[in-house]
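This briefing introduces one structure to a new reader. It covers a strand pairing, the sheet, the helices and a surface patch.

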Amino acid sequence: MKIGIDFHTVNNFMQGSRTVIYNLTRALIEKNSEHEYYLYCTDKTFELPDELRSPNVHKKVIVPSTRIIRLPISFPVMLAYHGIDVFHCQYMGPPFLVTPYVVTLHDILHETYPELYPSKLRYFMSKAYPFGARRASKVLTVSEYSKKDIMNIYGVPEEKITVIYNAVSDEFYQVEDQSVIDEVKRKYSIDSEYIFFIGRLEPRKNIPSLIKAFHFLKEKHKLSHKLVIAGMKDFKYQELFGMVKALNLTDEVIFTGRVEQQDLPLLYNGAELFVYPSYAEGFGLPPLEAMACGTPVITSNTTSLPEVVGNAGILIDPWNVEELGNAMLRVISDDKLKQELKERGLKQSKKFSWDKAAEALLECYEDVVRNNNKQ
């Protein structure tokens, strides 16, 4: 079987979809060597990492790489030329394609939380996503929450949707060597204990509430920690810098910007607490990564996050800044609670496996090809 995978998100830096497709592909290749994998990239200079190099893996560059040509023209031509049996794409499928395909919709939060997205992007997604989902042989998603949304809003039948949970990579684990943690802290100018957040700087992540809760702890409880916010700038990021300045927190809040992937597990390990008060998530990888590193987690009680975190973290109302601040203070002040959250988090993170995800994905591919051959 020849399996084609849209690999263009792996050219990008530190996005959830990049992490997912990379780890799924890696696990697929490790698990199965009898199939051939064609990885379609948009960057000519991109080199496959060593763990993806194999005689049955073929890197192909899509030309031209612009979406407006790539989806309707480049993909149909190249997939036919390479004799691909099943194609796996992210979010959107080619509008005209003979090759059967599966599409991953990580979420459709732009439909349920439209105020958190730029209007032009929201309009585009609202047109393209349901079109691709209805034409796909299978729709993959990452949580039961997202599955229900896709069924209810896009009218995709339940039997056509498969939930394949994301997982934590092996690089996220408890680091015992404090010296390597200290080295990374120095790299990002972190000179004290800290509360950690990572995510794109956009309204959906609810970073203003985190900053307000942190300010409350500084003002009322003389908190000695700093707040470290890692992530790339996105929609309305300027408001965050303005808020930090207005609250006189310039020396207390560290915006790291882009974080190297190898540094991320160490930043989790070095934090006393990981806080992720996102309004809405299709899955929510960062809390799971933090738990795998033994870091206590506070996150939201909305959308898919309770499904992922279970009872291993403290769940709060993301619209309630006071509740968030009190939860942060409670964890920082209670060593027994911190240890309990650490133990629960380590146990919860082990429930999610890329190997299990790859096994389910391969089964899905084979099912699509079988059904297509019957027609």
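In this predicted model, Val102 stands opposite Lys138 in E6. Local features need pLDDT of at least 70 and side-chain atom pairs pLDDT 80 or more, while totals for chains, interfaces and linings use all residues. Residues are numbered from 1 along each chain as its sequence is written, and side-chain values use heavy atoms, leaving out hydrogens and water.

**Sheet**
- Strand E5 (residues 101-104) and strand E6 (residues 138-141) are paired in the parallel sense over 3 bridges; two strands pair if DSSP finds at least two bridges between them.
- An open sheet is formed by 7 strands with parallel pairing, in the order E3-E2-E1-E4-E5-E6-E7.
- Strand E3 (57-61) and strand E7 (161-163) are the edge strands, each pairing on one side only.
- Helices (H or I, at least four residues) and strands (E, at least two) are DSSP runs, numbered from the N terminus.

**Helices across the sheet**
- Helix H1 (residues 16-31) lies across strand E1 (2-6), strand E2 (36-41), E3 and strand E4 (86-90).
- Helix H2 (residues 67-82) also lies across E1, E2, E3 and E4.

**Surface patch**
- Ile68, Ile69, Ile73 and Val77 form a nonpolar patch on the surface; patches are made of residues with over 30% relative accessible area and no salt bridge (a side-chain nitrogen of Lys or Arg within 4 Å of a carboxyl oxygen of Asp or Glu), with like charges joined within 9 Å and nonpolar side chains (Val, Leu, Ile, Met, Phe, Trp, Tyr) within 5 Å.
- Ile69 lies in helix H2.

Methods
Contact means heavy atoms within 4.5 Å. Axes are lines fitted to C-alpha atoms, for helices over the stretch in contact, and angles run from 0 to 180 degrees between N-to-C directions. Accessible areas come from the Shrake-Rupley method with a 1.4 Å probe; for residues, only the protein chains shown count as cover.
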